[in-house]
Each structure stands twice: as C-alpha cells, then as structure tokens.
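User: I have a model open and want to check the labels attached to it. Can you take me through the reasoning behind them?

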Amino acid sequence: MKRFLAAERALRTAAPHALLDATRSVLVEQYGAEETELFMADYSLTVLQPVSVLPHTLEPVPVHNATVGRAFGSQKPYQEQRPEGRTRLHLPVSVRGDRLGVLSVTLPDAAAREWESELAEVADVLGHEVLVAERDTDLYLQTRRKDRLTLAAEMQWQLLPGRSCSRPEYDLGAQLEPAYAIFGDNFDWSATADRLTLYVTNGMGEGIEASLLTNLAINALRNARRAGISIADQAALADQAVYAHYRGRCYLSVLMFDFDLATGHASVVDAGSPQLLRLRSGTVERVTFDAQLPLGMFEETDYVAQDFHVEPGDRLVFVSDGVHGVASPKGETYGDAALARAIHSTRLLPAAEVPRAILRELTGHRGEAMADDDALVVCLDWRGRPSAD
C-alpha cells in the first residue's frame with residue numbers, strides 16, 4: 001500500500017503534460033519497472049497510439065491481434081512473457097467504464113506476479129489524471145488521432161460524454177463513423193443516483209453546419225436537463241432554441257430516454273427518431289414509439305413523453321439513418337433484418353465493443369463505397385438495480 005500511495009501522489013502532483021514521465025519514474029522507484037509505455041485508443045477504436053512527444057513516437061499497435069489490445073478488449077490485466085525472466089504487464093486504463101487505453105510495464109517475473117493488482121490500481125489513477133489533464137494540455141487528445149480530424153469532427157468529439165460508461169445497473173457503449181469526418185450524429189448521457197438520461201441524435205446536413213446544429217441542440221437539451229426539467233419539456237425548450245436560430249430551415253431528430261434505475265421504467269420522447277432494436281431472451285425486435293416532430297421544425301411544438309419498460313438482461317441498440325439506411329453495391333438497404341443478425345452475432349460481446357463490431361459488419365455490407373452519411377450505434381445493457389438482499 002505504501003508503494004501505491006507514493007505512485008498515486010506522484011501522479012496527482014505531476015504537470016498535466018508530464019503524467020507519463022511521472023508514471024515511469026515512480027514505477028522504477030517503487031516497483032522496479034524497467035520499461036513503461038502508455039497507449040491511447042484512437043477515435044476509430046482501431047489502433048492504440050503511444051503517448052510521446054510528437055513527431056518522435058513509437059508505432060501504433062492494432063486493437064485487435066496485438067497483446068496490448070488484449071488488455072484493452074478484455075479490460076483485464078494481461079501478462080506477456082518476455083526473455084530473461086521478464087514479464088510485460090498490460091493494464092487497462094479506464095475511467096468508470098470509459099476505455100481510454102493501456103499502460104504497459106515491463107518487470108521481473110516475480111514482481112509482475114506480486115504487484116499486478118496494485119499496478120492495475122495505478123493504471124486506474126492514471127486514467128482519472130489523464131481526463132483531468134486534458135483541460136490543460138492537448139497531448140493526450142493529439143495522441144488519440146491517427147489521422148487529422150475535420151473541424152466538424154473535432155467539434156463533435158468534444159461534445160460527447162465519452163464512448164462507454166459502466167454502473168451496477170447498466171453498461172453503455174457508443175461509436176460514431178467515419179470517426180475522423182463525422183457531421184451531425186451524436187449521443188449524450190448523464191446519470192444521477194436514481195436516473196439515467198440518454199439522448200441519441202440523428203443529425204441533419206454536412207460539415208460545419210451539421211456540427212453547429214447539433215451543438216446548439218445538445219447544449220439546449222443539457223441546459224434544460226440541468227435545470228431539473230422533465231424530458232418532454234427538455235425537448236420543447238431545445239425545439240424553441242433550434243427554431244429561434246434556424247426558423248425551420250434546419251432541424252434535428254432525437255430519441256430521448258429518462259430511465260428510473262430502480263424500476264427500469266422510462267419516459268421516452270421520439271422526436272424524429274433514430275431507431276431502437278431490443279435483444280431480449282435471444283430474440284431481436286424493433287421497438288417503435290409514437291413519432292413526434294423533430295426539434296426545430298416548427299415553432300412552439302408540444303412534446304409528450306411515452307412510457308417504456310426495460311427488464312434485467314435486455315440489450316437496447318440504437319442506430320442512426322447512416323446504419324439502417326446504408327446500401328450495398330447492388331443497392332440493397334442494410335435494414336432491420338441485417339441489423340438483427342448483427343445484434344444477435346455480437347450478443348456475447350460487452351456493450352462497449354458492440355457498436356464497433358456492428359459498424360465493421362456495416363462496412364462489409366457497404367463494400368468499397370465511401371460513407372455518405374454518419375453512422376451511429378449506441379448499446380445499452382440493462383442489469384437493473386441489485387436487490388437490497
């Protein structure tokens with residue numbers, strides 16, 4: 001514990017840009033580490049990028065088919081045996097289920113066995129410190145990109161809450177494509193002790209204009225939510241904000257949920273709507289709601305919340321038009337049947353990995369054609385609140 005406290009203190013007092021240097025120093029001093037590297041997941045979740053001073057950097061490693069990627073995918077420490085009695089310990093760097101990357105540490109075999117669990121806690125502390133450090137340095141955000149982001153994509157990624165989240169009652173995972181050139185699709189979530197609010201947005205338009213529209217709508221929704229207003233009134237106030245600026249020229253489709261964590265009861269507003277498919281007891285079915293007008297289409301639209309119930313073991317998958325509407329080279333729409341197969345084939349994956357897996361299948365359906373619309377997948381695995389017993 002003394003070693004861990006020293007490591008924690010070193011990370012909490014390090015300069016934002018110097019977290020990796022501080023990690024290396026304290027792991028050498030306290031645990032006898034010989035090599036330490038930090039890898040960050042890129043925006044497309046295809047590679048793990050090493051943190052270093054650009055342009056002097058190591059080669060990225062693939063998320064799949066690499067030893068570092070095993071720890072990232074499983075979210076468990078992975079030991080890689082090295083020559084001369086050395087072990088390379090790969091430790092997931094995550095914050096409340098949001099998978100950021102992997103900390104890789106080379107140690108003597110005995111030290112790796114003895115200190116694995118403690119070093120995993122150091123990796124957790126490092127994850128929290130990276131998120132705090134991003135307020136003051138671009139180093140970690142730069143590391144996450146293997147290609148240059150468009151300005152619209154930069155705005156969208158900064159608007160997002162994260163790409164995954166985990167609590168006792170649920171797991172959430174989400175992904176947007178094309179990751180480096182997204183336009184207006186978006187997701188947002190927020191939780192309290194008793195409730196989870198989730199928005200899934202199907203943006204309109206292209207480039208900067210699409211991103212500006214989504215930014216206005218999401219911030220209007222957040223402003224209303226943080227004022228303690230009901231989900232139907234959140235939609236109404238965001239609708240007014242969008243209409244006041246665009247006068248009906250642009251509008252936004254959003255599917256909004258307010259879940260009660262104790263009961264699984266939810267209030268839903270379907271304003272134009274991305275689609276929802278539910279996996280329950282091995283069966284995939286599409287769930288529909290009474291469609292209401294998109295946000296900002298007309299002045300002073302009234303919205304009404306509907307009731308919905310989710311049961312422990314349910315998996316909810318939300319998709320935008322850029323998923324279910326994608327055409328194959330022969331003109332065949334991806335559609336509900338292909339989506340149902342993709343959801344069923346990924347049923348054993350954790351929620352954080354499902355969106356990327358479905359989007360890989362979508363790429364296979366589309367073929368070599370370039371994506372002409374954003375593709376958004378959000379996966380919610382519902383466990384429900386554990387009983388008091």
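Analyst: What follows takes the labels in turn, for a model that is predicted.

User: Why is Glu37 called buried?

Analyst: Buried means under 20% relative accessible area. Glu37 has 17%. That value is under the cut-off, so Glu37 counts as buried. Glu37 sits in strand β1, residues 35-41.

User: What makes the pair Glu37 and Arg24 a polar contact?

Analyst: A polar contact needs N or O atoms within 3.5 Å. The side chains of Glu37 and Arg24 make theirs at 2.9 Å. The pair therefore meets the distance limit.

User: How do you know that Glu35 and Arg88 form a salt bridge?

Analyst: The limit is 4 Å between a side-chain nitrogen of Lys or Arg and a carboxyl oxygen of Asp or Glu. The closest N and O atoms of Glu35 and Arg88 are 3.7 Å apart. That is within the limit, so the pair is a salt bridge. Glu35 is in strand β1 and Arg88 in strand β5 (residues 86-95), so the bridge ties together parts 53 residues apart in sequence.

User: Are these two partners buried or exposed, or in between?

Analyst: Glu35 is partly exposed, at 46%. Partly exposed lies between the 20% and 50% cut-offs, and 46% falls there. Arg88 has 7%. That is under 20%, so Arg88 is buried.

User: What makes Asp188 and Arg222 a salt bridge, and where do they lie?

Analyst: Their closest N and O atoms are 2.9 Å apart. The limit is 4 Å, so the label holds. Asp188 belongs to strand β9 (residues 186-191), Arg222 to helix α7 (residues 207-226). The two parts, 34 residues apart in sequence, are therefore tied together. Asp188 is buried at 1%. Arg222 is buried at 11%. Salt bridges with shared partners also link Arg167, Glu169, Asp194 and Arg385 into one network.

User: What does the salt bridge of Asp171 and Arg383 tie together?

Analyst: The N to O distance is 2.5 Å. Asp171 lies in strand β8 (residues 170-177), Arg383 in the segment after β17 (375-382). So the bridge ties together parts 212 residues apart in sequence. The structure holds 23 salt bridges.

User: Why is Arg360 called partly exposed?

Analyst: Arg360 has a relative accessible area of 39%. That is not under 20% and not over 50%, so Arg360 is partly exposed. Arg360 is part of helix α11, residues 354-366. Its side chain joins that of His64 in a polar contact of 3.3 Å.

User: Why is Leu151 called exposed, and which patch does it help make?

Analyst: Exposed means over 50%. Leu151 has 56%, so the word applies. Leu151 is in helix α6, residues 151-159. With Ile208 and Leu212, Leu151 makes a nonpolar surface patch of about 250 Å².

User: What makes a space a cavity and not a pocket, and how many cavities are there?

Analyst: In a cavity the probe fits but cannot get out, whereas a pocket is open. The count is one cavity of 30 Å³ or more. The largest cavity has a volume of about 60 Å³. Its lining includes Leu45, Phe72, Asp98 and Arg99. The largest pocket has a volume of about 530 Å³. It is lined by 21 residues; Asp98, Leu131, Leu160, Pro161 and Gly162 are the closest to its centre.

Technical notes. Residues numbered from 1 in each chain as written. Predicted model: local features only at pLDDT ≥ 70, side-chain atom pairs only at ≥ 80, totals over all residues. Heavy atoms only, no water. Patch = residues over 30% accessible without salt bridge, like charges linked within 9 Å, V, L, I, M, F, W, Y side chains within 5 Å. Areas by Shrake-Rupley, 256 points an atom, 1.4 Å probe, with all protein chains shown as cover. Helix = DSSP H or I, 4+ residues; strand = E, 2+ residues; numbered from the N terminus. Buried < 20%, exposed > 50% of the residue type's maximum accessible area, 1.4 Å probe, protein only. Polar contact = N/O pair within 3.5 Å; in protein donor to acceptor, adjacent residues only side chain to side chain. 1 Å grid on protein atoms, 1.4 Å probe; cavity = no way out; pocket = protein on both sides within 12 Å on 5 of 7 lines; lining within 4 Å. Points joined across faces, edges and corners; volume = space filled by probe spheres on them.
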